[in-house]
Amino acid sequence: MSAHAQVHAVEDHHDDHGHHHKQTFVTKYIFSTDHKMISKQYMITGIFMGVIGILMSLLFRLQLAWPDHKFTIFEILLGKWGADGVMDPSIYLALVTIHGTIMVFFVLTAGLSGTFSNLLIPLQIGARDMASGFLNMVSYWLFFISSVIMLGSLFVEAGPASAGWTIYPPLSALPQAIPGSGAGMNLWLISMAIFIAASLLGSLNFIVTVLNLRTKGMSMTRLPLTVWSFFLTAIIGVVSFPVLFSAVLMLIMDRSFGTSFFLSDIYIAGEVLHHQGGSPVLFEHLFWFLGHPEVYIVILPAMGIVSEIMATNSRKPIFGYRAMVASLLTIAFLSTIVWGHHMFISGMNPFLGSVFTFTTLLIAIPSAVKSFNWITTLWRGKLQMNVAMLWCIAFVSTFITGGLTGIVMGDSALDINIHDTYFIVAHFHLVMGISAAYGFLAGVYHWFPKMFEGRMMNKKLGYIHFWVTSIGAYGIFFPMHFVGLAGLPRRYYTNTNFPYFDDLADINVVMTVFAIITIAVQVVFLYNFFHSMFYGKKGPKNPWNATTLEWTAEIKHIHGNWDGPIPHVYRWPYDYSKLNKDETDFVIPGQDFIPQHIPLQDNEDELDH
């Protein structure tokens with residue numbers, strides 16, 4: 001018997017016994033090994049961390065818009081760092097540092113991929129659970145512990161880490177450099193080491209599950225694009241996260257054990273420190289070898305989610321399935337050879353800079369293929385403009401907008417003028433932060449009934465949330481491109497000392513007003529989410545008339561997904577509006593979708609996609 005067959009023999013045996021054991025409150029809701037519960041734990045933790053990160057951005061936006069104004073909220077939330085309502089300059093950089101860390105790693109990486117990879121991989125490939133439910137549980141709790149440590153760093157006496165979310169040496173390597181280089185930085189490094197361990201355990205679990213636990217008939221070319229994106233995201237994580245772990249480990253050694261991996265010829269207040277031979281540029285290489293693949297670790301799951309929802313709500317097959325898979329594979333490969341464009345002004349050899357310029361512009365091709373295919377999927381579709389679909393369309397908009405500015409930054413000559421300005425902030429937030437958040441929100445609205453036993457989120461509140469957020473996001477980040485082109489540097493807590501930037505002060509106010517409105521409307525989402533979790537109206541088993549396997553599973557959650565045999569697969573996942581051979585009616589009369597577990601009918605041919 002083959003290994004694949006042995007797996008399914010075990011699975012079929014599990015059909016009868018796997019979900020009848022009694023569970024206590026602790027084993028069901030806390031230390032659960034059920035992938036669906038773990039996905040909820042990732043989602044709730046990610047949303048909580050997102051609220052913290054967004055509130056931090058509100059604080060420093062207030063400081064940037066009205067630097068001479070005293071805010072009572074500063075004194076309430078920041079304590080001694082906001083005495084008399086005035087923000088201390090050092091805490092401003094600390095807020096920027098922790099905001100960036102939380103949003104990039106704890107929200108957009110763990111919150112997005114941890115939620116939907118856990119929820120959808122077993123359900124969409126036809127598996128009872130992850131390959132290892134225990135390791136899945138351990139990965140979540142390591143993530144939770146790392147989150148607690150990161151938030152705990154906010155309360156140390158000298159303040160949290162404040163070397164920027166990229167933690168470049170020497171600020172991050174010398175405890176005596178600035179207040180935020182002390183205990184807060186130690187906690188940051190410990191938190192990230194644990195976070196990386198959690199990510200690696202989760203990624204390995206995802207890879208093994210996709211390769212080994214697919215149901216009968218689920219070939220790789222019949223996988224939904226969501227599973228392809230989660231699978232490749234996990235591979236990128238396994239390749240790149242250990243590099244960041246090595247950088248974190250060496251930074252800890254520089255800080256605590258007298259090594260000089262990243263330090264050389266350092267002076268502090270006239271004192272010569274005993275460091276030689278190290279190079280902070282080495283840290284930049286190690287960080288960005290993870291840092292740029294991290295962009296795609298964040299955006300690839302959102303791409304898969306958008307592809308799935310867009311095909312479902314266009315009522316037509318996704319355009320160019322094989323091209324979409326090929327572009328995902330190409331992006332995954334190229335993401336590991338473009339990191340140098342973050343270092344164009346670090347003294348890089350011009351020839352090497354031209355190589356990274358080439359690879360950076362090359363990665364725009366598969367990204368453009370995906371954008372073209374999304375737009376073509378929408379073309380002449382029977383569009384169902386529900387809330388999830390609106391988020392997907394907004395994703396395509398921000399991804400294209402942010403991606404076009406990336407072409408400017410990817411050119412080594414042009415990047416010199418805009419490096420470390422708000423142009424970088426605008427690009428980064430649009431193409432990665434906002435786009436990935438839109439993918440996350442689309443997934444929440446679409447799969448909410450699958451996560452919470454058939455309950456639906458309120459559509460009217462969803463529309464309010466969408467329109468205010470999407471308009472507000474452009475109101476915040478689109479003007480940033482122009483202040484960046486004017487040379488406004490990022491990470492300065494005030495620009496009042498530079499008369500050259502006085503004319504840009506009003507634009508900062510406009511961006512902050514949009515930020516306040518956009519942040520305020522997230523309360524609508526939070527209310528809609530948590531209220532619908534308990535009191536939302538029950539919908540049908542397959543509310544969106546989708547074709548993938550998760551909608552065949554029981555509405556009531558059981559540990560094992562299907563109360564009976566696992567369905568087999570007979571077709572690809574995007575058979576929408578498919579006509580019979582005579583083209584007189586749909587293959588299944590009156591039904592414009594054919595689920596994957598329905599065998600081929602006499603009056604149809606399998607699509608060659």
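This short presentation describes a helix pair and the cavities in a predicted model.

Let me begin with the helix pair. Two packed helices are described by the angle between their axes and the distance between the axes. The helices here are α6, which covers residues 110-125, and α9, which covers residues 225-256. Their axes come within 9 Å of each other and cross at roughly 125 degrees. That angle lies outside the ranges for roughly parallel, roughly perpendicular and roughly antiparallel, so α6 is oblique to α9. As for handedness, the crossing of α6 and α9 is left-handed.

Which residues of α6 and α9 meet? On the α6 side they are S113, F116, S117, L120, I121, Q124 and I125. On the α9 side they are T226, V227, F230 and T233. By character, the residues of this contact comprise six nonpolar and five polar, with no charged residue.

I turn now to the cavities. The model holds four cavities of 30 Å³ or more, and the largest has a volume of about 210 Å³. The largest cavity is lined by 19 residues, and those closest to its centre are T109, S113, S199, S203 and F206. One of these, S113, also belongs to the α6 residues that meet α9.

Which elements give two or more residues to the lining of the largest cavity? They are α6, α8, which spans 183-212, and α9. The largest share, six residues, comes from α8. The lining of the largest cavity divides into 10 nonpolar and nine polar residues, and no charged residue is found there.

To close, the helices α6 and α9 both meet each other and contribute to the lining of the largest cavity.

Technical notes:
Residues numbered from 1 in each chain as written. Predicted model: local features only at pLDDT ≥ 70, side-chain atom pairs only at ≥ 80, totals over all residues. Heavy atoms only, no water. Axes fitted to C-alpha atoms, helices over the stretch in contact; angles between N-to-C directions. Helix = DSSP H or I, 4+ residues; strand = E, 2+ residues; numbered from the N terminus. Parallel < 35°, antiparallel > 145°, perpendicular 65-115°, else oblique. Left-handed = near helix turned anticlockwise from the far one by under 90°. Contact = heavy atoms within 4.5 Å. Nonpolar A, V, L, I, M, F, W, Y, C, P; charged D, E, K, R; others polar. 1 Å grid on protein atoms, 1.4 Å probe; cavity = no way out; pocket = protein on both sides within 12 Å on 5 of 7 lines; lining within 4 Å. Points joined across faces, edges and corners; volume = space filled by probe spheres on them.
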